[in-house]
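Hi,

Here is the structure I promised to pass on. Have a look at it first, and then read my notes underneath.

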Amino acid sequence: MRHLLLKMIFTASFFILIGCKKNENAAIVKAENATNSIEYATGLSIVKYEDYSVVTVSNPWPNANKDFKYILKEKDAKVPDSLQTYTTVQVPLSSVVVTSTTNIPFLEMLEVENKLVGFPHTDYISSEKTRALIDKGSVKNVGQNEKLNIEQLIELSPDLIVTFGVDNNNPMLDNLKKSGLKVLIQGDWMEQSPLGKAEWIKLYGALFGKEEQAKELFDKIVQSYNQAKKLVADKPATSKVLYGSMYEDVWYVAKGNSWVAQFMSDAKSNYLWADLKGTGSEGLSFEKVLDKAKTANIWIASGSFKSLDELQKANPHYGEFDAFKNKSVYNFEGKLGATGGTVYYELAPSRPDLVLKDYIKIFHPDLLASYEFTFASKLN
């Protein structure tokens, strides 16, 4: 009898073990089949599993000393014990606070702008659709990026605050977390690839349960961008381009691997600082810029100038450039929203295809004769 009982226990244990092994193997197969859905962005990874997604944000600011990992899960979904130490966010979100205007187009493209409950310095937002929500009182002004109103945020109690940092010292982020608020770091501003910046829409797709819609929208942007590139594929880069303007006593030019320089390269122009290694910008003296770019035939001026007269009033020496004399000066930052927000700063990162078309129309106007500028303006 005892022998029979032991045999039954052994048999039951064997089948339980086999069942566990099958479940374990199935989980391993599913994990192995999970892939990162991000193709262009270098600072974002989204890996979707059956019950949850793992979001990793890397290099969210210069010389970041760590990556940030987040677990997005639906209600009652089970997350492995090994991931319990990371910030868990229940999705889809029903409310959110974002702190950069570049996030606003993503919300609108996914038709979830009504989930936005707070933003710092709402005057910076230029979109008419979101401005209507602000005017209605649905979106609260929650202070400034460097000094968010924590008491107000606690009262709003958003499901998530999506924000950014500029270096490894982030006391505001620490204070938000200490107050019990859920925070996700976004690093889209560090992306130097035009399509890499735009691909961050997929993060919002994951946050609001709209992954497929986000992918479809992004794929259309990629297609539009590549179609624009094909227009100039066989064109020579004949336009000698000067970029930037003076800020106090320094002229900042875009480095050759920067976001701006990538557009000018894809639009087939001869950007005069294309060989300047690195991302971001380089500060130069006026004399150095004039020496190199006096004969440039196109000038992309930074700043919100509306006319050549306004530009020259800012610095009388601007008139020494041939591009100024020939009235071939363009500006991307002159179009403003109702309360002073810059349309280009807000929308350009999410619609690089439109930025590229603007550049192509400047450098090769015959190719897009009927196209009207989205951001750029020619100064008269």
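Below is what I found, starting with the salt bridges and ending with a sheet and the helix across it.

One thing before you dig in: this is a predicted model.

Salt bridges first. The count comes to nine, and I'll go through a few of them. Glu-39 pairs with Lys-202, with 3.9 Å between the closest N and O atoms. That pair links distant parts of the chain, as its two residues are 163 apart. Glu-39 sits in the loop between α1 (2-33) and β1 (44-48), while Lys-202 belongs to helix α7 (residues 201-207).

Lys-202 has another partner, too: it forms a salt bridge with Glu-199, and here the closest N and O atoms are 2.9 Å apart. Put together, Glu-39, Glu-199 and Lys-202 are linked in a network of salt bridges.

How do these three residues sit with respect to the surface? Glu-39 has a relative accessible area of 57%, so it counts as exposed, the cut-off being over 50%. Lys-202 is buried, at 8%, and Glu-199 is buried as well, at 0%. So the network joins an exposed Glu-39 to a buried Lys-202 and a buried Glu-199.

Another one to look at is Arg-351 with Asp-353, where the side chains meet in a salt bridge at 2.7 Å, N to O. Arg-351 is partly exposed, with a relative accessible area of 26%. Asp-353, on the other hand, counts as buried at 2%.

Now for the annotation. The unreviewed UniProt entry has "domain: Fe/B12 periplasmic-binding" over residues 95-367. In the model, that stretch is 39% helix and 16% strand, and its end C-alpha atoms lie 44 Å apart.

Last, the sheet. It is an open one of five strands with mixed pairing, in the order β15-β12-β17-β18-β19. At the edges are β15 (270-271) and β19 (377-378), each of which pairs on one side only. Further in, β12 (residues 240-243) and β17 (residues 298-301) run parallel and pair over three bridges. If you want a spot to zoom in on, Leu-242 stands opposite Trp-299 of β17.

Which helix lies across β12, β17 and β18? That is α14 (residues 352-363), which runs at about 150 degrees to β17.

Over to you!

Technical notes:
Residues are numbered from 1 along each chain as its sequence is written. This is a predicted model: local features need pLDDT of at least 70, side-chain atom pairs count only at pLDDT 80 or more; totals for chains, interfaces and linings use all residues. Side-chain values use heavy atoms; hydrogens and water are left out. A salt bridge is a side-chain nitrogen of Lys or Arg within 4 Å of a carboxyl oxygen of Asp or Glu. Helices (H or I, at least four residues) and strands (E, at least two) are DSSP runs, numbered from the N terminus. Buried means under 20% relative accessible area, exposed over 50%, partly exposed in between (1.4 Å probe, protein chains only). UniProt positions are given in the numbering used here, feature names are shortened, and annotations may be inferred rather than shown by experiment. Two strands pair if DSSP finds at least two bridges between them. Contact means heavy atoms within 4.5 Å. Axes are lines fitted to C-alpha atoms, for helices over the stretch in contact, and angles run from 0 to 180 degrees between N-to-C directions.
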